[in-house]
Amino acid sequence: MKKLVALIVMTCLLCSCGGPLYYGYLPGTDYKIFQPKQPVDLQGKSFDIEFRDGRDGIDKIDCSSYSLDRETELEGALGEQFFREYLTTIIQRSNGRIDPASPNKIVVELQGMSFKLIGVIYAVAHGFVQFKATSPFLNKTYCADMTDHDDDAPLQWNSFVTRKTASRLIVSGAMGRAAENFVRELASSSFN
């Protein structure tokens, strides 16, 4: 009888490893704003950034073959606020300033922000971010599809966290990758 109970418990544990148990049952965390991997110096320059939410009707980003889950908590105000705060913070951490009176005007349009756990037995966390920056000195789309297998990911494939935590960390990492590329190109652009 003891062997049967032990066998049933082991079977339940092994069967659930690809799902909720893989990411654990620990409490979730908030979205994070990470320091740039390599320092960027904007030399005190100021920028007037107009943020736009252009996600309506977009179900894929340029750098991924996966469709975006448009039913996540990032839809609407939360995703837009996180996007705005991330870019503002990374500019400030890079010795730059946000100033509505600045001659360096940039329109930054959020085009996609989502996450997905892909896989049946073994789930891979994906974070998706895409935004477009338009100005007289910079016109480019920044895109990131980060997985928990990437070297710069804030969590690794064997991390023991909840699904919510995994999703929030991987989106934060994807946003960090795209934002760092944006700030790096700002630093190398010709502006006032």
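Which residue in β3 is the bridge partner of F51? Select F51 and V108 together: V108 is that partner. Bear in mind throughout that this is a predicted model.

**The parallel pair.** Widen the selection to β1, residues 46-53, and β3, residues 105-118; these strands run parallel and are joined by six bridges. One residue before F51 in β1, pick E50, whose bridge partner in β3 is V107.

**The whole sheet.** Now show the strands alone. There are five, arranged as an open sheet in the order β2-β1-β3-β4-β5, with mixed pairing. Look at the two edges: β2 (97-98) and β5 (139-147) each pair on one side only. In general, strands of a sheet pair through backbone hydrogen bonds, in a parallel or an antiparallel sense.

**The antiparallel pair.** Move to β3 and β4, which pair in the antiparallel sense over 11 bridges. Select M113 and find V129 of β4 standing opposite. Then go to the hairpin that connects β3 and β4, where five residues lie between the strands. Select G119 there and check its backbone: phi is positive, near 130°.

**The helices.** Add helix α3, residues 77-93, to the view. Helix α3 lies across β1, β2, β3 and β4 (124-134). Its direction makes an angle of about 120° with β3. Next add helix α4, residues 163-188, which lies across β1, β3, β4 and β5. For the angle here, compare helix α4 with β4: the helix runs at about 30° to that strand.

Definitions and conventions. Residues numbered from 1 in each chain as written. Predicted model: local features only at pLDDT ≥ 70, side-chain atom pairs only at ≥ 80, totals over all residues. Heavy atoms only, no water. Pairing = 2+ DSSP bridges. Helix = DSSP H or I, 4+ residues; strand = E, 2+ residues; numbered from the N terminus. Contact = heavy atoms within 4.5 Å. Axes fitted to C-alpha atoms, helices over the stretch in contact; angles between N-to-C directions.
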